[in-house]
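Thanks for sharing this one. Here are a few notes to read alongside the model, with the aromatic residues as the main theme.

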Amino acid sequence: MIEELVGRKSFDPKLYAEKDNKGKQLAIRILANSLLVKSGDYGILKPKEDKKCGDIRLKSRLDGTIINFEIEASGYERFLLNFDGKYSEVNVPMKNFDAIPDGYFMCVNSGDSLDFVPRSFYMIKVSDIFKSNTKSNVNKYSDGKKEKFYKVPSHLVLRYEWSEKYGTYKLIKSKHHR
């Protein structure tokens, strides 16, 4: 029988150093090219470095409203499978989403270059994460143990692709659901 972790796997400083900063940089590039920021209505606040939940925040210049984003830099193959809707559910790590109940989980492709505008990303509303079931499965980083994840139905994932024509990101349907 496979051992099951109580929640998330232990913090891995090497993995954090490898993925976290690049993930935040990619997310900032994405958000800087979003209509919210381009319109001037929102600004990007300095990323948080507390290793908790809510890596990046946008702040409204109109009323001070904050929009929180928890960022994950996913490996190229897994990112594409989730982006294309190949799985019926998307694994979301068991993070402290209670800290950002009105926020978003944003997944960026760790294979994207920092030299260009990222081609695509996907987001999930935290409110949809809370409505999802949790299940355990073995993954690349769980040392052969089952790790618990939120299993968010693929149809609730908001997928965006860069549009050269419009100079911004466009919401699209997954290739699997087109």
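1. Helix α3 (residues 76–83) holds both F79 and F83, which sit 4 residues apart, about one turn of the helix. Please keep in mind that this is a predicted model. F79 is buried at 0% relative accessibility, and F83 counts as buried too, at 3%.

2. Searching the whole structure gives 8 aromatic pairs. F79 and F83 make one such pair: their ring centres are 5.7 Å apart and their planes meet at 15 degrees, so the pair is stacked.

3. Now to F79 and F83 again, which share helix α3. Another stacked pair joins F121 and Y160, with 4.9 Å from centre to centre and 5 degrees between the planes. Here F121 belongs to strand β6 and Y160 to strand β9 (residues 158–163), so this pair ties together parts that are 39 residues apart in sequence. F121 and Y160 are both buried.

4. Which residues form one aromatic cluster? The members are F121, Y160, W162 and Y169.

5. Have a look at S120 as well, in strand β6 (residues 120–125). Is S120 buried or exposed? Its relative accessible area is 8%, under the 20% cut-off, so S120 is buried. Beyond its neighbours within four places in sequence, S120 is in contact with F79, F83, D112, Y160 and E161.

6. One last spot to view: K170 lies over the face of Y166, 4.1 Å from the ring centre.

Methods
Residues numbered from 1 in each chain as written. Predicted model: local features only at pLDDT ≥ 70, side-chain atom pairs only at ≥ 80, totals over all residues. Heavy atoms only, no water. Helix = DSSP H or I, 4+ residues; strand = E, 2+ residues; numbered from the N terminus. Buried < 20%, exposed > 50% of the residue type's maximum accessible area, 1.4 Å probe, protein only. Contact = heavy atoms within 4.5 Å. Phe/Tyr/Trp six-rings, centres within 6.5 Å; stacked < 30°, edge-to-face > 60°. Lys NZ or Arg CZ within 6 Å of the ring centre and 35° of its normal.
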